Amino acid sequence: MTFDEVFETVPGTGWLTKEEGRLLHGVAGSCEGPILEVGSYYGRSAVLLASLGRDVHCVDPFSDFDSNDPSGDFVYGQFMKNVFHERCLMNVHLHRRKIEDWFPMFVFGFAYLDGDHTYEGTLAQIDKATVAGVRTFCIHDYAQEGGGVNIVKAIQKRGLEVVQVVERMCHCRCPR
């Protein structure tokens, strides 16, 4: 399937635009090994990444994101519906916990980070992915203003090289 065909199958709810998805899909597709996704919401990006045919490990507690759903049970239910009940994606593995409480069991080839957008939260995501062997990342909500500044600062603090930015999606990698 082409990217455009795949993108037509992703759940409609979420903030990932088509051009951001194109970058995410292309960068993840150029890497080998399992994929780590931090922050999954309704599963839009998880479905897109799963289309690459590799294992996708989604780490998200689903809680404390929406004041109308503090437990995260509604969002979790939507993720389960979109990823497993409607699409039955057997290569998606969900770890319902904070990234700080998750421990990788093997080496990952790529990470998509879109979890806690605070400075400390972004550092924790980068650090955990790096421990898991990740050297190539896409990080969402990268911006020079608003909350995106936290993400820019965390990327700079960890010395990641910014390769490309499309809208709010940043492709970066650990320098050699």
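# Charge pairs, a negative patch and helix H6

Glutamate 86 is partly exposed, with 47% of its relative area accessible. The model is predicted. A search of the whole structure turns up ten salt bridges. Several of them are set out below, followed by a negative surface patch and the two sides of a helix.

**Salt bridge: lysine 81 and glutamate 86**
- Glutamate 86 pairs with lysine 81 in a salt bridge. Their closest N and O atoms are 3.3 Å apart.
- Lysine 81 has 35% relative accessibility, so it counts as partly exposed.

**Salt bridge: arginine 96 and aspartate 73**
- Arginine 96 and aspartate 73 form a salt bridge, with the closest N and O atoms 3.0 Å apart.
- This pair links distant parts of the chain, 23 residues apart. Arginine 96 sits in the loop between E3 and E4. Aspartate 73 belongs to helix H4 (residues 73-85).
- Arginine 96 is partly exposed, at a relative accessible area of 32%.
- Aspartate 73 is partly exposed too, at 46% relative accessibility.

**Salt bridge: arginine 173 and glutamate 161**
- The side chains of glutamate 161 and arginine 173 meet in a salt bridge, 3.3 Å from N to O.
- Glutamate 161 lies in strand E6 (residues 161-166) and arginine 173 in strand E7 (residues 169-173), so the salt bridge ties together parts twelve residues apart in sequence.
- Arginine 173 counts as partly exposed, because its relative accessibility is 35%.
- Glutamate 161 is partly exposed, with a relative accessible area of 33%.

**Salt-bridge network**
- A network of salt bridges links Asp4, Lys18, Glu19 and Arg22.
- Side chains of opposite charge can pair when their charged atoms come close.

**Negative surface patch**
- Glu100, Asp101, Asp116 and Glu120 form a negative patch on the surface.
- Aspartate 101 is placed in the loop between strand E3 (92-95) and strand E4 (110-113).
- Aspartate 101 has 47% relative accessibility and therefore counts as partly exposed.

**Helix H6: buried side and exposed side**
- Helix H6 covers residues 148-157. Its buried residues are Gly148, Ile151, Val152, Ala154 and Ile155.
- These buried residues cover an arc of only 165 degrees around the axis, so they lie on the same side of H6.
- Gln156 and Lys157 are exposed on the other side of H6.

Technical notes
Residues numbered from 1 in each chain as written. Predicted model: local features only at pLDDT ≥ 70, side-chain atom pairs only at ≥ 80, totals over all residues. Heavy atoms only, no water. Patch = residues over 30% accessible without salt bridge, like charges linked within 9 Å, V, L, I, M, F, W, Y side chains within 5 Å. Areas by Shrake-Rupley, 256 points an atom, 1.4 Å probe, with all protein chains shown as cover. Salt bridge = Lys/Arg side-chain N within 4 Å of Asp/Glu carboxyl O. Lys, Arg positive; Asp, Glu negative; His and termini not counted. Charge placed at Lys NZ, Arg CZ, Asp CG, Glu CD. Helix = DSSP H or I, 4+ residues; strand = E, 2+ residues; numbered from the N terminus. Buried < 20%, exposed > 50% of the residue type's maximum accessible area, 1.4 Å probe, protein only. Arc of directions from axis to C-beta.
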